[in-house]
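Work through the exercises below with the sequence and the model side by side. Each task is followed by a solution in steps.

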Amino acid sequence: MKSRIALSVLLVLIATNAFAADAAATQPDAQPSSAAPVLSDAQKSFVTMKSLAGEWEGPVTVADAPEMSGAKMHLSLRVTSRGNALVHEFQEAGTPLDATKYDHPVTMFYVDGDQLTLIHYCDAGNRPRMTGKMSPDGKTVEFELKDISGSPEYHMHHSVITLIDANHHTEDWTFMMKDKPIHAHFDLQRKN
């Protein structure tokens, strides 16, 4: 009885190996399943952005409005939707999550076709959509305005995220106040 079971197992193994060899022979260009998929530029940029997941803090500098400079900001970056989206939430450090009293803009990053896309849910009540491109050195992702839902009178217009190292990055955001650009620079250190 034991020899019949062993023979059956052996025949199943031989048949499985023969089937796999036949499949490989009929599909010579097929890559083994262990091969990593080739990522598009947008996907590579998104992988880089997701590496920033965590809690960050640092000062903001607003040269165009010095009274806004010096505040310490808190940034939470969280990967969600089975890895398909990155949630970016800013707030002034030490303030409660109370959107009725404090600014608390939310930005979503995701890959849309061949584009790295950002939608900024602005405290101004609109939703600018930007598309991003990574620099050749892989350290900077720059986002340009594509379109906007809601009033364009006051809106986020441009963003640049620069990776210094695993625990330090900067963000430069340009906000349009009618036709006047206001530039904000955030120098952020990882908290966890």
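**Exercise 1. The largest pocket**

Task: find which residues lie nearest the centre of the largest pocket, and which strands supply its lining.

Solution. Step 1: the lining of the largest pocket consists of 24 residues, and M68, D103, D123, M156 and F186 are those nearest its centre. A pocket is defined on a 1 Å grid over the protein atoms alone, as an open set of points where a 1.4 Å probe fits, with protein on both sides within 12 Å along at least five of seven lines; lining residues have an atom within 4 Å of a point.

Step 2: at least two lining residues each come from β3 (85-92), β9 (168-177) and β10. Strands (E, at least two residues) and helices (H or I, at least four) are DSSP runs, numbered from the N terminus.

Step 3: the volume of this pocket is about 680 Å³, where a volume is the space filled by probe spheres set on the points, and grid points are joined across faces, edges and corners.

Before going on, note that this is a predicted model, in which local features need pLDDT of at least 70 and side-chain atom pairs count only at pLDDT 80 or more, while totals for chains, interfaces and linings use all residues. Residues are numbered from 1 along each chain as its sequence is written, and side-chain values use heavy atoms, with hydrogens and water left out.

**Exercise 2. The chain as a whole**

Task: state how many helices and strands the chain has, and what share of its residues count as buried.

Solution. Step 1: there are two helices and 10 strands in the chain. Read from the N terminus, the order is α-α-β-β-β-β-β-β-β-β-β-β.

Step 2: 32% of the 192 residues count as buried. Buried means under 20% relative accessible area, exposed over 50%, and partly exposed in between (1.4 Å probe, protein chains only).

Step 3: about 11800 Å² of the chain is exposed, and carbon and sulfur atoms supply 57% of that area. The areas come from the Shrake-Rupley method with a 1.4 Å probe; for residues, only the protein chains shown count as cover.

Step 4: of the contacts between residues at least 6 apart in sequence, 35% join residues at least 24 apart. Contact means heavy atoms within 4.5 Å.

**Exercise 3. An aromatic pair and the core**

Task: why does the pair of F109 and F143 count as tilted, and which parts of the chain does the pair link?

Solution. Step 1: the structure has two aromatic pairs. In the pair of F109 and F143, the ring centres are 5.5 Å apart and the planes stand at 55°, so the pair is tilted. Rings of Phe, Tyr and Trp (its six-membered ring) pair if their centres lie within 6.5 Å; planes under 30 degrees apart count as stacked, over 60 as edge-to-face and the rest as tilted.

Step 2: F109 belongs to strand β4 (residues 106-112) and F143 to strand β7 (residues 140-149), so the pair links distant parts of the chain, 34 residues apart. Both residues are buried.

Step 3: the largest nonpolar core has 29 residues, and F109 and F143 are among those with the most contacts inside it, as are M49, F90, L116 and F186. Strand β10 (residues 180-190) provides the largest share, four residues. Such a core is a set of buried Ala, Val, Leu, Ile, Met, Phe, Trp, Tyr and Cys residues joined through side-chain atoms within 4.5 Å.

Step 4: beyond its neighbours within four places in sequence, F143 has contacts that include F109, L116, M130 and I161.

**Exercise 4. The loop between β2 and β3**

Task: are S81, R82 and G83 buried, partly exposed or exposed?

Solution. Step 1: S81 lies in the loop between β2 (72-80) and β3. R82 is in the loop between these strands, and so is G83.

Step 2: S81 is partly exposed at 45% relative accessible area, R82 is exposed at 85%, and G83 is partly exposed at 21%.

Step 3: S81, although not a glycine, has a positive phi of about 55°. R82, also a residue other than glycine, has a positive phi near 55°.

Step 4: leaving aside neighbours within four places in sequence, G83 is in contact with F46 and K50.
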